[in-house]
Every structure is written in C-alpha cells, then in structure tokens.
Amino acid sequence: RSDMKAYREGILRLMLEEKVLATFGGYTSASRRAVMPLVTIHNGLFYYPTCYEGRECWQHIICTGPIANQHSFALIPFMVRNFGERAFFIGSNYVWARESNRNAGRWLNDTGGQLVGERYVPLGHGAFEDIFIQIRKQSPDWIFSTIVGDSDLYFRRAYARAGFSPDKLPTASLTTSEIEGKSLGASYGEGHILCAPYFQSLKGGANERFVESFLGSQFGESGVTHYNMEETYLAFLYFKKAVERIVLTYGASELTPRNIRLASKGLELSAEESPEGEVHLDAYNLNSWLTPKIGQFNSRGQIDVLWQSPNKMQPMPYMLYPERGTCMPDGLHLPDGRVVKAAS
C-alpha cells in the first residue's frame, strides 16, 4: 500500500514471528529507510530490488538495482550531446528525487549544460499545469524527471495535454518503464528516454526465456516485463545461489541472514542466468555491478537501445562525497579511521 506503517509492521512480523531468512521488496527510498533500521536492529537481511540514490552504507541490505553513478552519470551527458544544453529537473519531493537531482546537477554542470528550472511535487501529486507554464517560459531542451508512482502517470498525461511532444521537448527518466507505458498507452511514451540496466526488448536467450516464462504465467497479465521486476528476479537468483553455497559447504544448519550476506560477497550471475546480462555483487558494499543502458520508447511501447556501456560499472554510493569515506563490509570507513555502521 506504499504505507510506511504497514512496511514497518510487516517487516517485524516476518522477522520476529515468521523467522524468515530474508525479506524482499520496497520500491521507494522512503520505504527502504522505513524498514532498514528494524532489519539492522534484528540482524536480518533485506534485498532492495530497484534503483536508488546512493549515499548510504548499510550492512544488512543487498541492492540489485543501479545507483546514481550507474545511470544518470551516463544519461545526463547523453542528453546534453543529443538534445541540448538546457535542462529542467522535476521530481517527487523526497530523498530519491532530491539526491538523484543533486547528482544529475553536478554532471550537467561538468558537461557544460545549464539547469534552467527545478521543481518538486508531493508523492501522489496530480496537478502539473503551473509547472508546464514555467517550463514553457524557461524553454528547456529536455526534462529530467525523477517523479515516481501515480504522479508519473499524471505527469505524462499533463505533458500531452499541454501540447508538448518528444521531438521538441523529450523527457529523460530513470524509472518510467514499460509498465508505465502499458498503463498510459504507447503514444504517451513514444520518443521519451529511459536509462536502466534492463529493457524487455534486450536480445539474448536468458531474457527471451524470462519474458516468455513471465508472460505465459498466471502473473503475466500486465503484458510486459520491466527493470524493477527483473531486478527483483535477480535478487531471488542471488539468494538462491547464496543458500545453495552455504548448504553444500556447511549444511542447512548454518543458514542464517549473516551467513547469507557473507556468501553473497562477489556473487556472480552469468549472461545465461541474468536477463540483463552478466552482473555481480560488490564484495564490499553488496550493491550490483551492472551494465547501464539508454533507450528510447517506440510506437509499440517497447524500448530501442541507443547506448550501452561497454563494461559493467562498479557501484559507487559515495561518488559525489569522497570526503565521507569508503563503504566496507563492516561499515563506512571515515577518513579519520572511525567506522560508522548503518550510515545514511
């Protein structure tokens, strides 16, 4: 229900009453931050399966989606090169959008771009008329959107009602995927840009099997796959591999959240296993090494790849904040030698 109280109550029930080895889920950074202190206190394990803003070093979380240096770091220069220097940022008013835009603003400046406007709206917000009046007045070359959830659907409809079109004012996003396109209709997405490690249209046997299996299952009513569900799938593959490693080496009696975390360091998924291609978990911060991709929605609601990183990119949660220290398995190592656990 995207209700923070429900998240907290649910995670406690799962850990304390159901005695689960691991929990999977959360979509917003607000949901992640609601449960992570509880997971830490009770020495649990939480798999977070979507992109987030970085600037965190938690020891009880495994992240399978990209962080800022694995999406907007490539996306912002791409937009400047291909669409122009003048950008307008708009986001949902919480930590994900504000921190993501802080990263994007740095890279926009480094690329020689210009931020001509920046606005934030509450989660669930649906009125964008005044923002589009400002956008028309500021005349940007493109919009960088970090709006999430229902607000993203409202934003896309308002964009079309205001008479904008992607041939003159494209939007670039980190979260507007095939599922939003399916909900809105392909015409609302066509021409717009997404940066993510996974698109349904990716070639390769692993993805073809993944798409066919999902769409042919009882859960395939949506008619599309997308980056968020694929990253959730990767989380379960990592969990399965770690559990198998422990059981085969030490026996089932050694299955604990702590041992699963230890077994996950550097864990790899091959291109035959992962729909998005080869990935692995960083041995220090348990974020994913993955291959960023930039694509454009076509008239069928699918995404055509425009650019792909030649190599997997290392997750760097403190890329903008080197003075904060280095995220290690036991906590954030500060420059003065102190170690901070569960750092945000």
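Colleague: How many salt bridges does the count come to?

Modeller: The count by this rule is 16 salt bridges. The model is a predicted one.

Colleague: What makes R32 and E56 a salt bridge?

Modeller: The closest N and O atoms of R32 and E56 are 2.9 Å apart. The rule asks for a side-chain nitrogen of Lys or Arg within 4 Å of a carboxyl oxygen of Asp or Glu, so the pair qualifies. R32 lies in helix α2 and E56 in the loop between β2 and β3, so the salt bridge ties together parts that are 24 residues apart in sequence.

Colleague: Why is R32 called buried?

Modeller: The relative accessibility of R32 is 0%, and buried means under 20%. E56 has a relative accessible area of 4%, so E56 is buried by that cut-off too.

Colleague: Which residues are joined with R32 into one network?

Modeller: Salt bridges that share partners join R32, R33, E53 and E56.

Colleague: How do you know that R161 and E129 form a salt bridge?

Modeller: Their closest N and O atoms are 3.6 Å apart, and the limit is 4 Å. R161 is in helix α6 and E129 in helix α5, 32 residues apart. R161, at 58% relative accessibility, counts as exposed because the threshold is over 50%. E129, at 46%, falls between the two cut-offs and is therefore partly exposed.

Colleague: Where do E244 and K240 lie?

Modeller: Both are in helix α10, four residues apart, about one turn of the helix. Their side chains meet in a salt bridge, N to O 2.9 Å.

Colleague: Why is R261 listed as having no salt bridge?

Modeller: The nearest side chain of opposite charge, D330, is 11 Å away. A salt bridge needs N and O within 4 Å, so R261 has none, although R261 is buried. R261 sits in helix α11, and its side chain makes a polar contact with the side chain of H60 at 3.1 Å. Residues that R261 touches include N43, L45, Q59 and L286.

Colleague: What makes C57 and C327 a disulfide?

Modeller: The S to S distance is 2.2 Å, and the cut-off is 2.5 Å. A search of the whole structure finds one disulfide. The torsion about the S-S bond of C57 and C327 is about 85°, so the disulfide is right-handed. C57 is in the loop between β2 and β3 and C327 in strand β14, 270 residues apart. Both cysteines are buried.

Colleague: How do you know that C51 is in no disulfide?

Modeller: The nearest cysteine sulfur to that of C51 belongs to C195 and is 9.6 Å away. That distance is too far for a bond. C51 has a relative accessible area of 5% and so counts as buried, as does C195 at 1%.

Colleague: Why are the buried residues of α5 said to line one face of the helix?

Modeller: I131, F132 and I135 are buried in α5. Seen down the axis, the buried residues of α5 fall within an arc of 95°, so they line one face. The face turned away from that buried side carries the exposed residues I133 and K137.

Colleague: What covers the buried residues of α5?

Modeller: The cover includes β4, β5, β6 and α6. Just after α5, S139 takes a positive phi of about 55°.

Methods
Residues are numbered from 1 along each chain as its sequence is written. This is a predicted model: local features need pLDDT of at least 70, side-chain atom pairs count only at pLDDT 80 or more; totals for chains, interfaces and linings use all residues. Side-chain values use heavy atoms; hydrogens and water are left out. Buried means under 20% relative accessible area, exposed over 50%, partly exposed in between (1.4 Å probe, protein chains only). Helices (H or I, at least four residues) and strands (E, at least two) are DSSP runs, numbered from the N terminus. The arc is that of the directions from the helix axis to the C-beta atoms. Contact means heavy atoms within 4.5 Å. Lys and Arg count as positive and Asp and Glu as negative; His and the chain ends are not counted. A polar contact is a pair of N or O atoms within 3.5 Å; within protein, one must be able to donate a hydrogen and the other to accept it, and residues adjacent in sequence count only if both atoms are side-chain atoms. Lists of a residue's contacts leave out its neighbours within four places in sequence.
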